[in-house]
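I opened my notebook to look around a protein model, one feature at a time. Here is what I looked up, in the order I went.

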Amino acid sequence: MADDVDFVTVATTYLHGRPDFETFHVRLLSGRFKEAMITALQTTVRFLRPDIAVVHWSWKIEGDKNFDGVRRPEPRYGMMTMVAEKRSGTWLVVVAQNTNAILAYRPNYKH
């Protein structure tokens, strides 16, 4: 993550900067998501320029808990969209949006 990252969570929480991102995710990953397993399903990369890329990756998560602490019985699916920029030879995420899938997951869907 870039120091100046802009990140929007699946719950539409807007995080600005690496410190906000880290604070939010440390709390989340040590709580409701401590026992969760996330699996990347499909990843695509589109280069807008040699130093700017858009990354889409679909995901499946299992073992996370609801706000009341009860483990979710079914996996959730979603899509992360990230803009990555190559800075001083290193790829960093500068913008990201994470989204829960509302409709049933369709792994073979092609647009």
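My entries below go from the overall layout to the pocket, the surface, the salt bridges and two backbone angles.

**Entry 1: Getting my bearings**

I noted at the start that this is a predicted model. I looked up the elements and found 1 helix and 6 strands in the chain. Reading from the N terminus, I wrote their order down as β-β-α-β-β-β-β. Next I checked the dimensions: along the principal axes, the C-alpha atoms fill a box of roughly 45 × 35 × 20 Å. I also looked up burial, and of the 111 residues in the chain, 28% are buried.

**Entry 2: The largest pocket**

How much volume does the largest pocket have? I found about 690 Å³. Its lining has 27 residues, and the closest to the pocket's centre are Phe-24, His-25, Leu-28, Phe-33 and Asn-98.

Then I asked myself which element gives the most to this lining. The answer is α1, with 6 residues. The elements that each supply at least two lining residues are α1 (18–29), β3 (37–49), β4 (52–62), β5 (76–87) and β6 (90–100). I sorted the lining by class too, and got 18 nonpolar, 5 polar and 4 charged residues.

**Entry 3: A nonpolar patch outside**

From the pocket I moved to the surface. There I found a nonpolar patch formed by Val-45, Phe-47 and Trp-91. Together these residues have about 310 Å² of accessible area.

I picked Phe-47 for a second look, and found it in strand β3. Is Phe-47 buried or exposed? Its relative accessible area is 52%, and exposed means over 50%, so Phe-47 counts as exposed.

For contrast I looked up Ile-61, which sits in strand β4. Ile-61 has a relative accessible area of 7%, and the cut-off for buried is under 20%, so Ile-61 is buried. I also checked Ile-61 against Tyr-77: the two are 16 residues apart along the chain, and their C-alpha atoms are separated by 6.4 Å.

**Entry 4: Salt bridges**

A reminder to myself: side chains of opposite charge can pair when their charged atoms come close. How many salt bridges does the structure hold? I found 8.

I started with Glu-35 and Arg-71, whose closest N and O atoms are 3.9 Å apart. Glu-35 is in the loop between α1 and β3, while Arg-71 is in the loop between β4 and β5, so this salt bridge ties together parts that are 36 residues apart in sequence. I looked up how open each partner is: Glu-35 is exposed at 53% relative accessible area, and Arg-71 is partly exposed at 48%.

My second pair was Lys-60 and Glu-62, with 3.6 Å from N to O. Lys-60 is partly exposed, with 23% relative accessibility. Glu-62 is partly exposed as well, with a relative accessible area of 35%.

My third pair was Asp-64 and Arg-76, with an N to O distance of 2.9 Å. Asp-64 belongs to the loop between β4 and β5 and Arg-76 to strand β5, and the pair links parts of the chain 12 residues apart. Are these two partners buried or exposed? Both Asp-64 and Arg-76 are buried.

I closed this entry with a network: Asp-4, Glu-85 and Arg-87 are joined by salt bridges that share partners.

**Entry 5: Two positive phi angles**

Another reminder: most residues other than glycine have a negative phi. With that in mind, I looked up two residues with a positive value.

Thr-12 is not a glycine, yet its phi is about 65°. I placed Thr-12 in the loop between β1 (6–8) and β2 (14–16). Its relative accessible area is 63%, which makes Thr-12 exposed.

Where does Ser-88 lie? I found Ser-88 in the loop between β5 and β6. Its phi is also positive, near 50°. With a relative accessible area of 81%, Ser-88 is exposed.

Terms used:
Residues are numbered from 1 along each chain as its sequence is written. This is a predicted model: local features need pLDDT of at least 70, side-chain atom pairs count only at pLDDT 80 or more; totals for chains, interfaces and linings use all residues. Side-chain values use heavy atoms; hydrogens and water are left out. On a 1 Å grid over the protein atoms alone, a cavity is a set of points where a 1.4 Å probe fits but cannot get out, and a pocket is an open set with protein on both sides within 12 Å along at least five of seven lines; lining residues have an atom within 4 Å of a point. Grid points are joined across faces, edges and corners, and a volume is the space filled by probe spheres set on the points. Helices (H or I, at least four residues) and strands (E, at least two) are DSSP runs, numbered from the N terminus. Ala, Val, Leu, Ile, Met, Phe, Trp, Tyr, Cys and Pro count as nonpolar, Asp, Glu, Lys and Arg as charged, and the others, Gly among them, as polar. Patches are made of residues with over 30% relative accessible area and no salt bridge: like charges are joined within 9 Å, nonpolar side chains (Val, Leu, Ile, Met, Phe, Trp, Tyr) within 5 Å. Accessible areas come from the Shrake-Rupley method with a 1.4 Å probe; for residues, only the protein chains shown count as cover. A salt bridge is a side-chain nitrogen of Lys or Arg within 4 Å of a carboxyl oxygen of Asp or Glu. Buried means under 20% relative accessible area, exposed over 50%, partly exposed in between (1.4 Å probe, protein chains only).
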